[in-house]
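Biologist: Could you take me closely through one part of this model, the packing of its interior, and set out with care which residues and elements meet there?

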Amino acid sequence: MHPYSFPIPKLTAALIVGILASEFVVPNINVMCLILGFIFLLSLLFHYKKSIYNGLIVSCLLLLLFVVLGAFGAQLHHPKTHKNHYSYFLKKDNTDTLVLCITEEMNPTAFNNRYKAKVLQINQQKSKGIILVQTPKDTAIAAYKTDDLLYIKTKIQAINSPQNPHVFSYKKYLERKGIYHLITIDSQGGSLTKKGRKSIKGMASMARNFLDNKIDKLTLNSTAQAFLKAFYLGKRSEIPEDIKVNYKNSGVLHILALSGLHVGILLKILELLLFPISRTRNGKKLRSVMIIIILWAFAFITGLSPSIVRSVTMFSCFALASGLNRQRNSINTLSISAFVMLIIHPNYVFDVGFQFSYGAVLGILVIKPILDHFWRAKHFIIKPIITLLNVSIAAQIGILPLSLYYFHQFPGLFFLANLLIIPTLTLCLWLGFFMIIFEGLKINEWLVYVFEHLIQLMNSCTKFVADLEFFLFKNITFDLYMLMLLYLIIVFFFYTSQRKHSKIYSYWALLFYCFNCMSYLLLNLILNKNL
């Protein structure tokens with residue numbers, strides 16, 4: 001079956017359209033309930049009246065139903081739709097009395113430690129909502145832990161918008177995560193901290209801290225230790241800034257974030273290790289169940305961060321599909337995982353990590369087979385190199401518009417960096433696992449020695465690629481309209497590459513022409529402003 005003929009991706013796309021539409025139009029929830037019921041009944045009516053036109057009408061109504069469902073879910077999950085949201089009980093120009101529960105330790109900034117906290121009570125009123133808590137690093141306040149309860153009287157601050165309307169808005173980023181205010185706690189704030197009841201996230205945070213302490217005990221140099229924490233805990237704040245810049249400029253910054261790449265490599269390792277089980281009766285199903293359990297155990301140990309939960313959910317669907325012999329429906333499997341996650345958290349669609357993860361995997365599933373058809377090697381030595389190149393190119397094409405939109409740059413030698421780094425990363429993940437297991441044993445000294453040299457090799461490779469500045473295209477002007485248009489061009493290009501109809505190629509040419517015209521007009525506008 002052709003990938004574009006799958007029904008589930010279309011329904012997932014319709015759901016995403018509805019969620020995006022809710023950003024611009026804020027419909028009433030009761031009205032949307034009536035619309036959902038009306039469209040559903042109308043679909044049933046046309047379904048039972050069988051005709052060729054009714055089938056088309058039912059398909060359109062079904063897509064419309066999922067568009068409305070997406071908007072409905074987005075509004076339903078919007079924090080301020082709940083009447084007991086803390087923002088309705090704030091005192092104007094005064095201090096508020098709060099009872100908070102720490103739910104997540106966020107990445108610190110240069111000056112502050114930051115935490116996500118759930119509001120349990122405000123001004124003696126039970127309430128809901130999430131608030132950002134920050135503590136200056138130069139104070140004597142001990143670091144908070146997940147599930148800590150805070151009793152504090154303070155003034156709640158609004159999060160400031162950026163002064164330049166064209167730069168990244170941290171305020172909008174937090175609002176999409178349901179955070180609208182922040183509080184700053186210093187040593188003079190008079191806060192009281194108590195231990196709360198342990199939650200699943202709290203236990204996961206304890207497991208993460210335990211793993212963090214295990215890594216600290218290893219006799220690694222500071223750089224190698226920082227990389228090991230990035231690989232297994234997603235903590236890259238300890239990696240030197242110049243090294244992070246090299247990884248960014250060479251197009252492999254994603255390996256420093258605990259995300260889909262690491263979970264994908266872990267999935268392949270587990271499939272290889274558990275392959276003998278698949279040769280037994282019902283072995284494939286048993287292997288899939290074991291892989292899913294191990295993946296979620298890995299997510300738990302690493303702290304159940306949103307990025308790792310998304311990735312594990314996605315690859316759990318692939319593992320389940322493999323056990324049920326549904327490998328040919330990979331795009332369906334990817335769409336199902338995205339659908340489930342967006343039903344639970346509609347705002348994931350605005351998350352950069354979500355967009356990059358699914359964009360890269362979709363690029364691999366759709367574009368890689370086309371590249372394999374045109375560029376294939378039969379020699380057993382060259383074959384894995386060509387396969388890795390095809391995967392890198394397909395993933396990069398899948399996220400190319402996103403990279404230009406968010407980072408305004410494009411690393412021209414990304415394929416070379418990926419070819420050098422990904423095999424080394426796989427070895428590092430293996431070594432890191434055994435170093436943590438054999439911590440304190442004599443054999444660990446050899447593992448540490450090899451790991452440190454592999455990290456040094458990775459850093460040298462990325463520095464070599466990053467220093468070739470001629471192949472790094474920076475300061476590319478790219479807005480939302482160009483993002484959508486470039487994705488349309490990519491879809492049309494690869495769709496027409498498997499078709500022989502010349503008429504479709506004319507549509508591709510028209511889209512390409514529109515993209516160039518828009519780029520030209522925008523460039524002229526910027527030049528005129530500067531002049």
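Modeller:

**Packing in the interior**

In the largest nonpolar core, which has 69 residues, Phe231 and Phe451 touch the most other members. This is a predicted model, and what follows should be read as a description of that prediction. Leaving aside residues up to four places away in sequence, Phe451 is in contact with Leu220, Ala224, Leu228 and Phe231, and also with Cys428, Leu431, Gly432 and Met435. Separate from this there is a second core of 21 residues, which includes Ile331, Ile370, Leu371 and Met482.

As a background to these cores, 44% of the 531 residues of the protein count as buried, and the secondary structure comes to 17 helices and 10 strands. Among contacts between residues at least 6 apart in sequence, 69% join residues that are at least 24 apart.

A helix pair can be followed in more detail. The axes of helix α9 (residues 283-301) and helix α10 (residues 306-323) come within 8 Å and cross at roughly 175 degrees, and the two helices are therefore roughly antiparallel to each other. On the α9 side the contact is made by Lys284, Lys285, Arg287, Ser288, Ile291, Ile292, Leu295, Trp296, Phe298 and Ala299, while α10 contributes Ile308, Val309, Val312, Thr313, Phe315, Ser316, Ala319, Leu320, Ser322 and Gly323. Sorted by character, the residues of this contact divide into 12 nonpolar, 5 polar and 3 charged.

Helix α10 also holds an aromatic pair, since Phe315 and Phe318 both lie in it, 3 residues apart, about one turn of the helix. An α-helix has 3.6 residues a turn, so residues three or four places apart point the same way. Phe315 is buried, with a relative accessible area of 12%, and for Phe318, likewise buried, the relative accessible area is 12%. Another aromatic pair is formed by Tyr348 and Phe354, whose rings are stacked, with 6.3 Å from centre to centre and 15 degrees between the planes; Tyr348 and Phe354 are both buried. A search of the whole structure finds 13 aromatic pairs. The rings of Phe315 and Phe318 have their centres 6.0 Å apart and their planes at 40 degrees, so that pair is tilted.

Aromatic residues also gather into a cluster, one of which is made up of Phe356, Tyr405, Tyr406 and Phe407. A residue in contact with Phe356 is Ser403, which also touches Gln396, His408 and Gln409 when residues up to four places away in sequence are not counted. Ser403 is found in helix α13 (residues 382-407), and at 8% relative accessibility Ser403 counts as buried, because the cut-off for buried is under 20% relative accessible area.

Finally, helix α7 (residues 241-249) has as its buried residues Ile243, Lys244, Asn246, Tyr247 and Asn249. These buried residues of α7 pack against two helices, α6 (222-233) and α15 (443-466), and against two strands, β9 (410-411) and β10 (472-473). Just after α7, Gly251 takes a positive phi of about 85 degrees.

Definitions and conventions
Residues are numbered from 1 along each chain as its sequence is written. This is a predicted model: local features need pLDDT of at least 70, side-chain atom pairs count only at pLDDT 80 or more; totals for chains, interfaces and linings use all residues. Side-chain values use heavy atoms; hydrogens and water are left out. A nonpolar core is a set of buried Ala, Val, Leu, Ile, Met, Phe, Trp, Tyr and Cys residues joined through side-chain atoms within 4.5 Å. Buried means under 20% relative accessible area, exposed over 50%, partly exposed in between (1.4 Å probe, protein chains only). Contact means heavy atoms within 4.5 Å. Axes are lines fitted to C-alpha atoms, for helices over the stretch in contact, and angles run from 0 to 180 degrees between N-to-C directions. Helices (H or I, at least four residues) and strands (E, at least two) are DSSP runs, numbered from the N terminus. Angles under 35 degrees count as roughly parallel, over 145 as roughly antiparallel, 65 to 115 as roughly perpendicular and the rest as oblique. Ala, Val, Leu, Ile, Met, Phe, Trp, Tyr, Cys and Pro count as nonpolar, Asp, Glu, Lys and Arg as charged, and the others, Gly among them, as polar. Rings of Phe, Tyr and Trp (its six-membered ring) pair if their centres lie within 6.5 Å; planes under 30 degrees apart count as stacked, over 60 as edge-to-face and the rest as tilted.
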